[in-house]
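Open the model in a viewer and keep the sequence panel beside it. The stops below say what to select next and what is there.

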Amino acid sequence: MIEVLSPGFLSIIVDRGRQGHGHIGVPSSRELDRHASAIARYLVDIPEDAALLEVMGNDLRLRVLRDMSFAVTGAKVKATLDDEPLRPWAAVRAKEGSILRVAEVLEGLRYYIAFSGIIDIEPVMGSSTTNLECNFGGFHGRPLMKGDMVALRDIREPAGLQTVPETMIPSMREPHLVRVIAGPEADNFVPRSVRFLANRKETVLFNATSRLNRTGIRLEGEPLRFRDEAERSIISEGLLPGTIQVPPDGYPIITLAERTIGGYARLATVADADMDMLAQIRPRDRVVLSSIDINEAERLWRAGRDALSFYCKKQ
């Protein structure tokens, strides 16, 4: 059992997502940083699809009510266990009554906490993840609050206390280079606005605004200009996470995990290899868009997948 003493800014239960329901408007609502989540689960030896906590904000405090292990991954944080500094991206043993505190987020935005037990909640549509807009899944469909008690079952100790090497911890520092593949409506824009899509030596710089959440990231900078004859909107179609839509005002929005449909022009799609990075973009961070082709996107995805698989198997 875990007692929430202070929930930080936003703490929710997530897993690998609610798959197969997009056709009826139900998004995946999955963990946003899959790399950090996968390693957190590995460190405490729980199943690959087990639920864990996704947290934003300083001063998270949790009391552990049974002996167990846990791991904190994702954003670079300043954390303690019973006021003693602890190392993130490593398995840590906690005694009954111990207090985990994440005092400050130093780099990145979201961090993940996995425990050496299964978060015991009833799945909804095959998943334990939280859908905040529709208020279902997770802990009663809402963020954790002070006084909440999160039940765990099948608590066990990992075979050993692993520590993740620096080579497996992604940089969270800006500027964030986001590689993209041209989208279906890329030709709706004047060539000057989208020349980075045609020339890989070109990039375009934006800043993340404060209007970012699990639904998407709104960017600001020089607005993209539509061709005079182009439609500013399209007939609504299905969206994938990573789709970059451009409303009539010309400021792009990167879609994350809480939408299944959209009606704005689709400028590009973020390469899967860079999707986890989006979870760590803060307001005012610089975001650099750079174009690649589908073959390069697949190569990068395979390289990331193979690196994670190799690390987990060799330990």
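The tour goes from the whole chain to single residues.

**Before starting**

This is a predicted model, in which local features need pLDDT of at least 70 and side-chain atom pairs count only at pLDDT 80 or more, while totals for chains, interfaces and linings use all residues. Residues are numbered from 1 along each chain as its sequence is written, and side-chain values use heavy atoms, with hydrogens and water left out.

**Stop 1: the whole chain**

Select everything and colour by secondary structure. The chain has four helices and 19 strands; helices (H or I, at least four residues) and strands (E, at least two) are DSSP runs, numbered from the N terminus. Along the principal axes, the C-alpha atoms fill a box of roughly 65 × 40 × 30 Å. The radius of gyration is 20 Å, which agrees with the value near 20 Å that a compact globule of 315 residues would have. That radius is taken over C-alpha atoms, and the globule rule is 2.2 Å times the number of residues to the power 0.38.

Now colour by accessibility. Of the 315 residues, 53% count as buried. Buried means under 20% relative accessible area, exposed over 50%, and partly exposed in between (1.4 Å probe, protein chains only). Contacts can be shown too, a contact being heavy atoms within 4.5 Å. Among those between residues at least 6 apart in sequence, 78% join residues at least 24 apart.

**Stop 2: helix α1**

Select residues 34-44, which form helix α1. Eight of its eleven residues are buried, among them H35, A36, I39 and L43. At the N-terminal end, D33 acts as a cap: one of its side-chain oxygens lies 3.3 Å from the backbone nitrogen of H35. This is a polar contact (a pair of N or O atoms within 3.5 Å; within protein, one must be able to donate a hydrogen and the other to accept it, and residues adjacent in sequence count only if both atoms are side-chain atoms).

Move to D45, just after α1. D45 belongs to the loop between α1 and β3 (52-56). Its phi is near 60°, a positive value in a residue other than glycine. With a relative accessible area of 36%, D45 is partly exposed.

**Stop 3: A90**

Which residues does A90 touch, leaving aside its neighbours within four places in sequence? They are L43, F70, A71, V72, Q162 and T163. A90 sits in the loop between β6 (84-85) and β7 (91-94) and is buried, at a relative accessible area of 5%. Add V44 to the selection: the C-alpha atoms of A90 and V44 are 9.0 Å apart, although 46 residues separate them along the chain.

**Stop 4: two loops**

Select M125 in the loop between β9 (118-119) and β10 (149-150). Phi of M125 is also positive, near 55°, and this residue is partly exposed at 34% relative accessibility.

Then select E174 and P175. The peptide bond between them is cis, with omega near -5°. P175 lies in the loop between β11 (152-153) and β12 (176-182).

**Stop 5: S291**

Finish at strand β19 (residues 286-291), which contains S291. Is S291 buried or exposed? S291 is buried, with a relative accessible area of 6%. A polar atom of its side chain lies 3.3 Å from the backbone oxygen of L197. Not counting residues up to four places away in sequence, S291 touches V180, F196, L197 and R200.
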